[in-house]
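The following exercises, each with a worked solution, concern the model shown below. Please work through each task before reading its solution.

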Amino acid sequence: MSDKRIVVLISGSGSNLQAIIDHLAQGNIPGRISAVISNKADAYGLTRATNAGIETRVLSHREFADREHFDTALQELIDSFEPDLVVLAGFMRILTPEFVRHYAGRLFNIHPSLLPKYKGLHTHQRAIDAGDREHGCTVHFVTEELDGGPLIVQAPVAIEPGDDADSLQQRVHSLEHRIYPLAVEWFCRDRLALRAGSVHLDGTALPASGFRYTE
Ligand code: GRF
């Protein structure tokens, strides 16, 4: 099995990027990050990538007239690295349908909720306000629907009585750092497949909520 080439897109801190870097460095996982691309020049994740000896690129959306032109340039930049997998790790841009279709079946995102609940922003506060007893995070294949797409793996977190958005976010974030590397590893080992819109792991269809990860 030859190494899968991975391109990671970020806009900020890149703690999920770091978790993936660390995981790939640990084991005999047949994958490597070919490049980290940020739409923000000051994203700390670029420093993390450089420290790990990974190539970085910055492509600012501000230099483009509209979303279509930015996404076309982004796609060209990504494709220059010939990736098998593109990983959105805190990339704070809405992507055009053309871009998403181009990477069908090889584009991952992580979202801080138990999808399909709480698409969009402020997920932790929304879960608390709704009186939910459980919250969490999800890795999913990206489709044209924002925070939609077939679910790969979810990690639940219990909401405790004294939780606020910050305390909950911390626990969710540390689980993100578990499940994102896991999903990337599955992909690199050819254990994941998307067939007719449903995710298969080791040849067996997962439930619509994906694999349920518990510690
Ligand atoms: C995470 O909360 C992730 O769920 C969301 O963006 C955030 C990225 O965090 N999509 P980091 O940059 O990986 O620390």
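**Exercise 1.** Leaving aside neighbours within four places in sequence, with which residues is V172 in contact?

*Solution.* The structure is a predicted model, in which local features need pLDDT of at least 70, side-chain atom pairs count only at pLDDT 80 or more, and totals for chains, interfaces and linings use all residues. Residues are numbered from 1 along each chain as its sequence is written, and side-chain values use heavy atoms, with hydrogens and water left out.

Step 1. Contact means heavy atoms within 4.5 Å. By this criterion, and with those neighbours set aside, V172 touches P112, H124, H135, G136, C137 and V157.

Step 2. V172 belongs to helix α6; helices are DSSP runs of H or I with at least four residues, strands are runs of E with at least two, and both are numbered from the N terminus.

Step 3. V172 counts as buried because its relative accessibility is 0%. Buried means under 20% relative accessible area, exposed over 50%, and partly exposed in between (1.4 Å probe, protein chains only).

**Exercise 2.** Determine whether the span of helix α1 agrees with its number of residues.

*Solution.* Step 1. The expected span is 1.5 Å times one less than the number of residues. Helix α1 has twelve residues (15–26), so it should span 16 Å.

Step 2. The end C-alpha atoms of α1 are 17 Å apart, which agrees.

Step 3. The buried residues of α1 are S15, N16, L17, A19, I20, I21 and L24. Their packing partners include β1 (4–10), β2 (31–38) and α6 (165–188).

**Exercise 3.** Identify the polar contacts of the ligand (pairs of N or O atoms within 3.5 Å).

*Solution.* Step 1. Among the residues around the ligand, each with a heavy atom within 4 Å of it, are S15, I110, H173 and E176.

Step 2. The side chain of S15 places an N or O atom 2.5 Å from a ligand oxygen. A polar backbone atom of I110 is 2.9 Å from a ligand nitrogen, and a polar side-chain atom of H173 is 3.3 Å from a ligand oxygen.

Step 3. On its own the ligand has 370 Å² of accessible area, of which the protein covers 83% (Shrake-Rupley method, 1.4 Å probe).

**Exercise 4.** Explain why C188 is not bonded to C137.

*Solution.* Step 1. A disulfide requires two cysteine sulfur atoms within 2.5 Å. The whole structure contains zero disulfides.

Step 2. The closest cysteine sulfur to that of C188 is in C137, 19 Å away, and therefore too far for a bond.

Step 3. C137 is buried, at 0% relative accessible area; C188 is also buried, at 0%.

How values were computed:
A polar contact is a pair of N or O atoms within 3.5 Å; within protein, one must be able to donate a hydrogen and the other to accept it, and residues adjacent in sequence count only if both atoms are side-chain atoms.
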